[in-house]
Amino acid sequence: MPMVSTSPLPASLSTAPTRLTDSHGRVIHDLRVSITDRCNYKCVYCRTGEVGAQYPELSIEEYLRLIKLFVGLGITKVRLTGGEPLLRRGLVDLVKELARLRGWDGEPLDLALTTNGHLLDGLAEPLKAAGLNRVTVSMDAVDAPTFERITRVPGSFQKMLEGIRAARAAALTPLKINCVLLRGFNDDQIEGFAHFAREENVVVRFIEFMPLEEGRLWTPEIVVPLKEIVERINRVLPLVPMPAREASETARRYTFEDGVGEIGIIAPVSEAFCGACSRVRLTSDGKIRTCLFSQVEHDLYGRLRAGESDTELRQYIAATVQGKEARHHIGEPGFLKPSRSMVHIGG
Ligand code: SAM
């Protein structure tokens, strides 16, 4: 869908800007936006396989307007997600408009996208040309039968692999691969992923499974913790820890003895990093979520539809982010699963 504006768009404010912070002293500079609730995979650990889209989508212009409000409050990094964001019509135009925005520092935004890679072969080039910086591809197995048992889509392994290679060719780098490990499903893939990282020149990041699935699968035992992943890779290819680049970095990073390849482990369950969280999320229907595990959502889009001004909407965002939860309570007595699952929040 063509956009109307033609000049650079400073996300300027009509009142004195306030940087987004929360009541725990954290600065929030990272926005994740789900631009569709639909997904073309039915990963067994994420979806029951029965439900379709549950939450509405906004127009591309509406996402743009909402994102601009956040950028005006100091957001410097925007990650588009879903559902599956490559299913969304107008994605390339949205990226084009986002690439023209400038953050508080006058710099372009850091623009990233999380995808299952299925449609990336045809979209990597146009997305790069539109101004996307990086993609993260979700990939939960290095062998085709296991991969397709997880996604429940025949032929998906080859499509995803072509997508990864197209993204690398389009210089959407560093190219990150996210793998969610579940004991008994795909934990036999760990060592294979270490080799894959080196052979394909990608950063493989293992993510601990969180209780955010549509069904009821999560137990503490099904989570493969950071320590176990490191021990197993170390046995075949010794790992060397890498220093953290910033305090809010979610992954513990490792390379190998020869410096070729990188592995990251994101351990929200066994080694939670909430204290350094810099994120806020916007769902496909325009609700703010201040934590993956929030019990409450904040209807930003409802206020936009009711005609509130940009100044009022920014004040609402700032007040909402102030109330961001201190941390999640996975595994603790009384833990409550949020009403939305990962596919409907936007991972
Ligand atoms: N469709 C896109 C994709 O596949 O990357 C974006 C949305 S998907 C929900 C985002 C990420 O969340 C994927 O990497 C997926 O593996 C991960 N994910 C889904 N459910 C999860 C869970 N319960 N715990 C941890 N990660 C999960």
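The exercises below, each with a worked solution, concern a predicted model.

**Exercise 1. Two helices side by side**

Task: Determine how α2 and α3 are oriented to each other, and which residues of the two helices meet.

Solution: Begin with the geometry, where helix α2, made of residues 91–100, packs against helix α3, made of residues 120–130, at an angle of about 25°, while the axes lie 8 Å apart. Next, compare this angle with the cut-off, since angles under 35 degrees count as roughly parallel, and α2 and α3 are therefore roughly parallel to each other. The crossing in which α2 passes α3 is right-handed. Turning to the residues, α2 contributes L91, V92, V95, K96 and A99, which meet L123, P126, L127 and A130 of α3. Sorted by type, the residues of this contact between α2 and α3 comprise eight nonpolar, no polar and one charged.

**Exercise 2. A second pair of helices**

Task: Work out how α4 is oriented to α5, and describe the residues of their contact.

Solution: The starting point is again the axes, because those of helix α4 (residues 144–151) and α5 come within 8 Å and cross at roughly 100°. Angles of 65 to 115 degrees count as roughly perpendicular, so α4 is roughly perpendicular to α5. On the side of α4 the contact is formed by A144, F147, E148 and T151, and these meet S156, F157, Q158 and M160 in α5. The residues of the contact between α4 and α5 divide into four nonpolar, three polar and one charged.

**Exercise 3. Backbone features in loops**

Task: Locate A171, P174 and N201, and state what the backbone does at each of these places.

Solution: Take first the loop between α5 (156–169) and β7, in which P174 has its place, and in which A171 is also found. The peptide bond leading from T173 to P174 is cis, with omega near 0°. A171 has a phi near 65°, which is a positive value in a residue other than glycine. N201, by contrast, has its place in the loop between α6 and β8 (203–208), and although N201 is not a glycine, its phi is positive, at about 55°. For the accessibility, recall that exposed means over 50% relative accessible area and buried under 20%; N201, at 61%, therefore counts as exposed, whereas A171, with 35%, is partly exposed.

**Exercise 4. Two residues and their surroundings**

Task: Decide whether Q189 and V33 are buried or exposed, and list what each of them touches.

Solution: Q189 lies in the loop between β7 (176–181) and α6 (190–200), and because its relative accessibility is 3%, Q189 counts as buried. Its side chain makes a polar contact with the side chain of D188, at 3.4 Å. If residues up to four places away in sequence are not counted, Q189 touches D140, A141, V142, D143 and T146.

V33, for its part, is found in strand β2, which covers residues 30–34, and because its relative accessibility is 0%, V33 counts as buried. With neighbours within four places in sequence left aside, V33 is in contact with Y63, I67, V78, R79, L80, T81 and L282. As a last step, consider V78 from this list, since V33 and V78 are 45 residues apart along the chain and yet their C-alpha atoms are separated by 7.3 Å.

Key
Residues numbered from 1 in each chain as written. Predicted model: local features only at pLDDT ≥ 70, side-chain atom pairs only at ≥ 80, totals over all residues. Heavy atoms only, no water. Helix = DSSP H or I, 4+ residues; strand = E, 2+ residues; numbered from the N terminus. Buried < 20%, exposed > 50% of the residue type's maximum accessible area, 1.4 Å probe, protein only. Polar contact = N/O pair within 3.5 Å; in protein donor to acceptor, adjacent residues only side chain to side chain. Contact = heavy atoms within 4.5 Å. Axes fitted to C-alpha atoms, helices over the stretch in contact; angles between N-to-C directions. Parallel < 35°, antiparallel > 145°, perpendicular 65-115°, else oblique. Left-handed = near helix turned anticlockwise from the far one by under 90°. Nonpolar A, V, L, I, M, F, W, Y, C, P; charged D, E, K, R; others polar.
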